[in-house]
Amino acid sequence: ELKYTNTKLDLIIDYIEKGVILTDSIGRIQFINDRCKKMFEIDLDNDDFNILDFINDKTISKLVMEKQSFEYLETTIDINNNRYNLILSGKPIEIEDNILGFLIILRDIKSMNRLLKYFADPNDGIGFEDIIGDSPEIRSAKNKALSVSENDSTIMIRGESGTGKELFARAIHNSSKRKSENLISINCGAIPENLIESELFGYDEGAFSGAKQSGKIGKFELADKGTIFLDEIGDMPLHLQIKILRAIESRKITRIGGNKEIDIDVRIIAATNKDLENKVKRNEFREDLYYRINVIPIDVPPLRKRNIEDVKLIFDFFKNKYAVEFNKNIKEVKDEYYKEIYNYNWPGNVRELKNVVEYSINLDNDGILTKDDLPIMMIENKYKNRIKTIEELKKNEIIKALKIYGNDTKGKEKTAKSLDIGTATLYRLIKKYKLS
């Protein structure tokens with residue numbers, strides 16, 4: 001019966017997805033489960049090994065030595081020149097007030113991150129079918145992205161703000177052979193310059209004032225075996241561009257404050273809304289990095305260059321989404337509403353259209369969308385940004401000059417002189433524009 005019970009316990013411990021290490025009272029390893037052996041690619045089930053020899057974090061080592069419980073502490077463990085980023089929990093084994101050993105539970109940070117993304121990230125399953133639109137421009141971009149998604153070539157996604165560059169990056173990742181691994185995104189323009197290096201490459205214990213004792217894993221390490229998406233790479237500081245170039249070319253990174261190179265296997269997808277060619281000419285972007293990331297450029301078209309059917313499809317998608325979300329019954333959309341969204345220039349692209357639809361449905365009270373349900377700023381921007389015809393410009397300048405010089409004969413002579421036209425031409429234009 002004792003043998004049967006022990007066998008059952010061994011099976012249970014070996015089956016769980018966490019690493020389990022059991023030590024004696026002085027830290028010598030007494031038991032290690034199969035998950036832990038696979039995690040470290042080594043058999044530590046040996047009295048010659050002491051857990052304290054591997055833990056790099058002084059705080060955790062002290063807790064283990066003093067037999068104090070702890071939960072979910074991040075640390076690194078070095079075994080056979082390999083570094084493992086882990087979350088540790090520990091608990092003393094106590095029987096009748098005697099501490100006989102210590103139990104340590106290990107969780108791999110990368111696998112935990114994958115699990116969290118699986119349950120928490122609503123965009124994790126994005127595919128090309130989720131990118132709405134059927135105009136020739138967007139169809140061409142989707143076809144090109146799909147055709148290159150399965151290989152590991154570096155991709156540069158170019159497009160204005162709000163066009164959906166991150167959607168393309170997610171669809172490419174989810175159509176690749178790396179889709180079961182992490183897609184790690186970082187906005188190079190949104191993180192303060194003094195923090196972006198540690199975000200990308202991580203840091204070791206004591207790297208700088210305020211650094212965690214256990215150090216911190218960077219985005220490149222989290223993306224190992226998967227994809228890293230460098231959004232707004234055109235805003236990356238020059239001194240970091242050389243480090244990105246080295247990481248891409250050598251497939252190795254070094255943490256801040258560290259002296260050990262860490263191998264990484266990542267696919268690079270970059271995106272920008274900047275004119276990188278001009279930035280290269282102005283020495284604001286490294287030419288060697290530009291050619292390294294611009295292997296396969298994919299241009300995502302702005303909304304104004306797509307047809308009206310695409311605008312209607314995207315509008316309907318967000319209308320249905322927010323109607324359900326806000327529990328609204330949208331019975332009708334008036335032609336005047338459609339006319340405004342069809343004739344608008346959409347400088348903010350799909351993101352702006354999404355915001356406009358959310359605004360309209362939020363404020364609607366009768367289930368009928370009219371021009372009055374549109375944001376005032378959208379109407380103002382429409383007329384402010386509209387390109388005026390030459391005739392409109394001529395008429396407006398004549399009106400402006402007549403207001404300054406007057407509408408009498410002498411005023412008209414001065415107006416003609418200021419506009420560099422003859423008086424007879426001015427009288428003809430006044431008659432044409434019905435300004436008399």
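The protein, seen here as a predicted model, contains 18 helices and 14 strands. Its radius of gyration is 32 Å, well over the 22 Å that the globule rule gives for 436 residues, so the protein is more spread out than a compact globule. Measured out along the principal axes, the C-alpha trace spans about 115 × 55 × 45 Å.

**Burial, contacts and surface**

- Of the 436 residues in the protein, 44% are buried.
- When contacts between residues at least 6 apart in sequence are taken together, 63% of them join residues at least 24 apart.
- The protein exposes about 24,200 Å², and carbon and sulfur atoms supply 50% of that area.

**Charges and salt bridges**

- The protein carries 71 positive and 73 negative charges, and the mean positions of these two sets are 9 Å apart.
- A search of the whole structure finds 28 salt bridges, and the pairs described below are among them.
- Glu160 and Arg304 form a salt bridge in which the closest N and O atoms are 2.4 Å apart. Because Glu160 lies in the loop between β6 (155-158) and α6 (165-174), while Arg304 lies in the loop between β12 (296-299) and α12, the pair ties together parts that are 144 residues apart in sequence. Glu160 is partly exposed, with a relative accessible area of 27%, and Arg304 is likewise partly exposed, with a value of 38%.
- Asp24 and Arg28 meet through their side chains in a salt bridge with an N to O distance of 2.7 Å. In this pair Asp24 is buried, at a relative accessible area of 11%, whereas Arg28 is partly exposed, at 38%.
- Glu391 forms a salt bridge with Lys394, where the closest N and O atoms are 3.5 Å apart. Both residues belong to helix α16 (residues 390-405), and because they are 3 residues apart there, about one helical turn separates them. Glu391 counts as partly exposed at 33% relative accessibility, and Lys394 is also partly exposed, with a relative accessible area of 33%.
- Beyond these separate pairs, Asp152, Lys177, Arg178 and Asp265 are joined into one network by salt bridges that share partners.

**Backbone: positive phi outside glycine**

- Most residues other than glycine have a negative phi, and the two residues that follow are described against that background.
- Asn327 has a phi near 55 degrees, a positive value in a residue other than glycine. Asn327 is found in the loop between α12 (308-325) and β13 (332-333), and because its relative accessibility is 70%, above the 50% cut-off, Asn327 counts as exposed.
- Trp346 also has a positive phi, of about 50 degrees, although it is not a glycine. Trp346 sits in the loop between α13 (335-343) and α14 (349-363), and because its relative accessibility is 1%, under the 20% cut-off, Trp346 counts as buried.
- Set side by side, these two loop residues share a positive phi, yet Asn327 is exposed while Trp346 is buried.

Note on methods. Residues numbered from 1 in each chain as written. Predicted model: local features only at pLDDT ≥ 70, side-chain atom pairs only at ≥ 80, totals over all residues. Heavy atoms only, no water. Helix = DSSP H or I, 4+ residues; strand = E, 2+ residues; numbered from the N terminus. Buried < 20%, exposed > 50% of the residue type's maximum accessible area, 1.4 Å probe, protein only. Rg over C-alpha atoms; globule rule 2.2 N^0.38 Å. Contact = heavy atoms within 4.5 Å. Areas by Shrake-Rupley, 256 points an atom, 1.4 Å probe, with all protein chains shown as cover. Lys, Arg positive; Asp, Glu negative; His and termini not counted. Charge placed at Lys NZ, Arg CZ, Asp CG, Glu CD. Salt bridge = Lys/Arg side-chain N within 4 Å of Asp/Glu carboxyl O.
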